[in-house]
Amino acid sequence: MVGNFWERTATSLNDPGEEVICGGSYDNPLRAVQTSVKALYRRRGANNVVGFRCAQDLKPLSGWTADT
């Protein structure tokens with residue numbers, strides 16, 4: 001799930017105007033589009049390459065195993 005946009009993280013920094021982002025976006029070189037890539041982001045309004053993802057844990061279907 002990388003390459004769509006830089007993902008905002010919950011990492012706290014000393015400066016409330018900065019945050020850590022990860023993952024790279026569609027306008028980065030291929031080497032930056034990895035989940036392990038981190039960057040410092042200065043919050044100054046909207047940005048079309050920084051966002052967040054909503055996720056929810058799903059319960060496995062009854063009778064389903066990893067072998068099927």
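The following questions and answers look at the salt bridges and the nonpolar core of a predicted model.

Colleague: Which elements does the protein contain, and in what order do they run from the N terminus on?

Modeller: The protein has four strands and zero helices. Read from the N terminus on, its elements therefore follow the order β-β-β-β.

Colleague: Is Glu19 buried or exposed?

Modeller: A residue counts as buried when its relative accessible area is under 20%. Glu19 has a relative accessibility of 3%, so Glu19 is buried.

Colleague: Which residues are joined with Glu19 into one network of salt bridges?

Modeller: Side chains of opposite charge can pair when their charged atoms come close. The side chain of Glu19 meets that of Arg43 at 3.1 Å, N to O, and it also meets the side chain of Arg8 at 2.8 Å, N to O. Because Glu19 lies in strand β2 and Arg43 in the loop between β3 and β4, their pair ties together parts that are 24 residues apart in sequence. Salt bridges with shared partners thus join Glu19 into one network with Arg8 and Arg43.

Colleague: Which strands are linked by the salt bridge of Arg42 and Glu18?

Modeller: The side chains of Arg42 and Glu18 meet at 2.5 Å, N to O. The two residues are 24 apart in the chain, and the strands that they link are β3, with Arg42, and β2, with Glu18.

Colleague: Which residues make up the largest nonpolar core?

Modeller: Ile21 touches several residues beyond four places away in sequence, among them Trp6, Tyr41 and Val50. The largest nonpolar core has five residues in all, namely Trp6, Ile21, Tyr41, Val49 and Val50.

Conventions
Residues are numbered from 1 along each chain as its sequence is written. This is a predicted model: local features need pLDDT of at least 70, side-chain atom pairs count only at pLDDT 80 or more; totals for chains, interfaces and linings use all residues. Side-chain values use heavy atoms; hydrogens and water are left out. A nonpolar core is a set of buried Ala, Val, Leu, Ile, Met, Phe, Trp, Tyr and Cys residues joined through side-chain atoms within 4.5 Å. Buried means under 20% relative accessible area, exposed over 50%, partly exposed in between (1.4 Å probe, protein chains only). Contact means heavy atoms within 4.5 Å. A salt bridge is a side-chain nitrogen of Lys or Arg within 4 Å of a carboxyl oxygen of Asp or Glu.
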